[in-house]
Each structure stands twice: as C-alpha cells, then as structure tokens.
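Subject: Structure handover

Hello,

Here is the structure I said I would pass on. My notes on what was found in it follow below.

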Amino acid sequence: MNTFYQLKITLNNIEPVIWRRFVVPANLTLDRLHDVVQIVMGWEDSHLHHFKFKKQIFTESPESIKEENEAGVRLNTLLKSRGNKLAYLYDFSDGWEHEIVLEDKNYFYDEMLTPFECIEGLMACPPEDCGGSTGYMRILRAVFDPQNNEEDYEFFLEMTGLTDVHETDVQSLVFQYDPGAVNAVLALYARWSRDRELPLVDDY
C-alpha cells in the first residue's frame, strides 16, 4: 500500500501569503515533485529551478559536484519527519523562493482518485516574469490603488490580458484559487506521467 505525504508549499516574501496544501506519494521523485509544484502553484514551467535540502542542491541538469540529479532522488529519502522542510527555487532571475513542509507523513483519504490531490490554497499565482517578489508586491499595491500606481497597474493588466476587466474584478482575481480546477490538471498529469513497461524509445 502506498504511503502519501501531505505537504504545504509557501511562496516566500509575499504578503498576503500565497500557499497551497497538497498530497503526493511519499516516494515521489523530485523531478515529478517539480511538475506537481508547477501545477498546484500555477507556474508555467518556463524557467530553471532547483530543490535544496540542507546544503545539497537537486536540479534537472547538474553542473557541479555540489549538485545532484533530481530525477534519482525520492522525497521520502529527504523528508522523513513532520516539520521537515525542502526549499524550492523557481526562475533564477526573478528568484521565486518556496518552502515545502511535510505536515503529515501518513495521509489517508479514501476518496482520492489519483496519486495527487490539491486540498486547498490561497491567492492566485503571480504572473511569470513580473520581477520576483519585489515586483509582485509593487503590482499588488497598484491593483488596490490604481489611481496612484497607474504605470504598474497598466503593466499588470497588459501582462495578464485583463485590459477589459473592471478594477474590482481584477482585485478579486488576485485572491482566487480553485483546487477543483487544479485537481483536474493533476488527474491528467497522473495519467500521462504514469510508469510504463517499456521506455519511450529503445537505446541505440
């Protein structure tokens, strides 16, 4: 029987706090954890990333002896007790820093239909390439006071395609997060990323 971890991921240096609570198999490899994090957070997976546990860095393409391939590391070899933490950095330019905490190492929910489940979350994901936490905090100030931050407000509308949306609706969108929609994407991911008997192509 598979063991499941309940995790909470928080995007650092943003107020109000952006976070998600979700469930994954305890033995999930870090490359697949990256995929799940991208889905539950709402990122577009268009930039580099790495995980960090204590002093060890896990990445998609290791370039030094201090880095290890994330595809060969399972989550439960790092996080073994409640409260254990894993750092996740996405987009080295904008520097989106996340903290992943193990909240429950024996999660059980008899109605789980897939190995991945988003339980709840707060706040929409920031748009890609908006300048990191500093840039997004500036955008949030503009969203709630557009008259005094017109340039930043227009930048946000253009970036998100919300040019024809009323100010109050723009403000409400910043707070929206739909776990149901996220779980629909996770269900597709679980189907298309499932293990198969043979590799995609034979070795030459």
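In the hairpin formed by β1 and β2, six residues sit between the strands, and N13 has a positive phi near 65°. This is a predicted model, so please read the notes that way. Strand β1 covers residues 4-11 and is joined to β2 by eight bridges, with the two strands running antiparallel. One pair to look at is Q6, whose bridge partner in β2 is V23.

Strand β2 (residues 18-25) also has a partner in β8. Five bridges join β2 to strand β8 (residues 117-122), again in the antiparallel sense. V23 appears here too, with E117 as its bridge partner in β8. V23 is therefore a convenient residue from which to trace both pairings, being the partner of Q6 and of E117. How many of the eight residues of strand β2 are buried? Eight of the eight are, so β2 is largely enclosed by the rest of the structure.

A second hairpin is made by β6 and β7. Five residues lie between these strands, and D91 in the turn has a positive phi of about 65°. The pairing of β6 with strand β7 (residues 96-104) is antiparallel and runs over six bridges. Within it, Y90 stands opposite W96 in β7. Strand β6 (residues 85-90) pairs with strand β3 (residues 49-53) as well, in the antiparallel sense and over four bridges. There, F51 stands opposite Y88 in β6.

Two single residues deserve a note.

- W96 lies in strand β7. Is W96 buried or exposed? W96 is buried, with a relative accessible area of 1%, against a cut-off of under 20% for buried residues. W96 and S133 are 37 residues apart in sequence, while their C-alpha atoms are 6.9 Å apart in space.
- T59 is placed in strand β4 (residues 56-59). The relative accessible area of T59 is 10%, and T59 counts as buried. Which residues does T59 touch, leaving out those up to four places away in sequence? They are H49, H50, E67, E68, N69 and E70.

Now for the chain as a whole. The secondary structure comes to five helices and eight strands. From the N terminus on, the order of elements is β-β-α-β-β-β-β-β-β-α-α-α-α. The radius of gyration is 18 Å, close to the 17 Å given by the globule rule for 204 residues, so the chain is as compact as a globular protein of that length. Along its principal axes, the C-alpha trace spans about 55 × 45 × 40 Å.

Some totals for the chain:

- Of the 204 residues, 43% are buried.
- Counting contacts between residues at least 6 apart in sequence, 65% join residues at least 24 apart.
- The accessible surface comes to about 11,900 Å², and 49% of it belongs to carbon and sulfur atoms.
- The chain has 18 positive and 36 negative charges, and the mean positions of the two sets are 12 Å apart.

To find your way around, the hairpin of β1 and β2 and the hairpin of β6 and β7 can serve as starting points.

Regards

Key
Residues are numbered from 1 along each chain as its sequence is written. This is a predicted model: local features need pLDDT of at least 70, side-chain atom pairs count only at pLDDT 80 or more; totals for chains, interfaces and linings use all residues. Side-chain values use heavy atoms; hydrogens and water are left out. The radius of gyration is taken over C-alpha atoms; the globule rule is 2.2 Å times the number of residues to the power 0.38. Buried means under 20% relative accessible area, exposed over 50%, partly exposed in between (1.4 Å probe, protein chains only). Contact means heavy atoms within 4.5 Å. Accessible areas come from the Shrake-Rupley method with a 1.4 Å probe; for residues, only the protein chains shown count as cover. Lys and Arg count as positive and Asp and Glu as negative; His and the chain ends are not counted. The place of a charge is taken as NZ of Lys, CZ of Arg, CG of Asp or CD of Glu. Two strands pair if DSSP finds at least two bridges between them.
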